[in-house]
Amino acid sequence: MKVKGIPLVKRTQDGADGFANYWRLVHRGEPQPVREFRFAPPRRFRFDLAWVGMKLAVEIDGSTWTQGRHTRGAGYRSDAAKQNLATTLGWRVLRFTTDQLRDDPLGCMEQVRALLVPVRHCLTVVHSLTA
């Protein structure tokens with residue numbers, strides 16, 4: 001998928017890299033995600049993308065139509081454990097497949113932005129009340 005002539009994902013990058021690069025282009029001035037954020041040490045779980053201060057994460061599931069890691073038993077089980085742990089720690093996690101990113105990249109990003117805006121607004125209000 002191209003928007004304004006820019007491919008979302010190059011053949012050499014995974015969906016999370018494509019999302020992060022495209023986010024940087026489309027949402028200048030917005031908070032930027034951290035790649036491969038380890039959210040629950042000593043566990044090795046990492047988020048594909050995380051807005052750490054807002055406890056918002058994005059997970060990109062690839063190969064969903066070709067029996068990839070995220071759709072096979074052990075991988076799915078691990079993903080469920082990871083997401084449940086994240087939720088118990090107060091994280092909000094959005095999941096997208098690579099075909100969702102390909103078919104509607106702006107729609108996927110808008111879902112992320114919708115969760116970022118209320119948090120930023122609340123922080124601004126709290127700051128103005130305490131200033």
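This passage describes a pocket, the nonpolar cores and the aromatic pairs of a predicted model.

The second largest pocket holds about 170 Å³ of space. Its lining consists of Asp14, Gly15, Ala16, Glu36, Arg46, Asp48, Ile60, Asp61, Gly62, Lys82 and Thr98. By residue class, this lining divides into 6 charged, 3 polar and 2 nonpolar residues. Three elements each supply at least two residues of the lining: helix H1 (15–26), strand E4 (46–51) and strand E5 (56–61).

One of the lining residues of this pocket is Lys82, which lies in helix H2 (residues 73–88). Lys82 counts as buried because its relative accessibility is 11%, and the cut-off for buried is under 20%. When residues up to four places away in sequence are not counted, Lys82 touches Phe39, Phe45, Arg46, Phe47 and Glu59. Of these contacts of Lys82, Arg46 is also named in the lining of the second largest pocket.

The largest nonpolar core contains 18 residues, of which Phe19, Trp51, Val58, Phe96 and Val112 touch the most other members. Two or more residues of this core come from each of H1, E4, E5, strand E6 (92–97) and helix H4 (105–130). The most is given by H1, with 5 residues. H1, E4 and E5 are thus named both for this core and for the lining of the second largest pocket.

Phe96 was examined further. Leaving out residues up to four places away in sequence, Phe96 is in contact with Val58, Glu59, Ile60, Asp61, Leu101, Cys108, Gln111 and Val112. Among these contacts of Phe96, Ile60 and Asp61 also line the second largest pocket. A second, separate core has 9 residues, including Phe47, Ala86, Trp91 and Val93.

The aromatic rings were considered next. A pair of aromatic rings is described by the distance of the centres and the angle of the planes. The count of aromatic pairs comes to 8. Phe39 and Phe45 form a stacked pair, with 6.3 Å centre to centre and 10 degrees between the planes. Phe39 counts as buried because its relative accessibility is 9%. Phe45 is likewise buried, because its relative accessible area is 12%. Ring pairs also link Phe37, Phe39, Phe45, Phe47 and Trp91 into a cluster. Within this cluster, Phe47 and Trp91 are members of the second core, while Phe39, Phe45 and Phe47 are contacts of Lys82.

Notes
Residues are numbered from 1 along each chain as its sequence is written. This is a predicted model: local features need pLDDT of at least 70, side-chain atom pairs count only at pLDDT 80 or more; totals for chains, interfaces and linings use all residues. Side-chain values use heavy atoms; hydrogens and water are left out. On a 1 Å grid over the protein atoms alone, a cavity is a set of points where a 1.4 Å probe fits but cannot get out, and a pocket is an open set with protein on both sides within 12 Å along at least five of seven lines; lining residues have an atom within 4 Å of a point. Grid points are joined across faces, edges and corners, and a volume is the space filled by probe spheres set on the points. Helices (H or I, at least four residues) and strands (E, at least two) are DSSP runs, numbered from the N terminus. Ala, Val, Leu, Ile, Met, Phe, Trp, Tyr, Cys and Pro count as nonpolar, Asp, Glu, Lys and Arg as charged, and the others, Gly among them, as polar. Buried means under 20% relative accessible area, exposed over 50%, partly exposed in between (1.4 Å probe, protein chains only). Contact means heavy atoms within 4.5 Å. A nonpolar core is a set of buried Ala, Val, Leu, Ile, Met, Phe, Trp, Tyr and Cys residues joined through side-chain atoms within 4.5 Å. Rings of Phe, Tyr and Trp (its six-membered ring) pair if their centres lie within 6.5 Å; planes under 30 degrees apart count as stacked, over 60 as edge-to-face and the rest as tilted.
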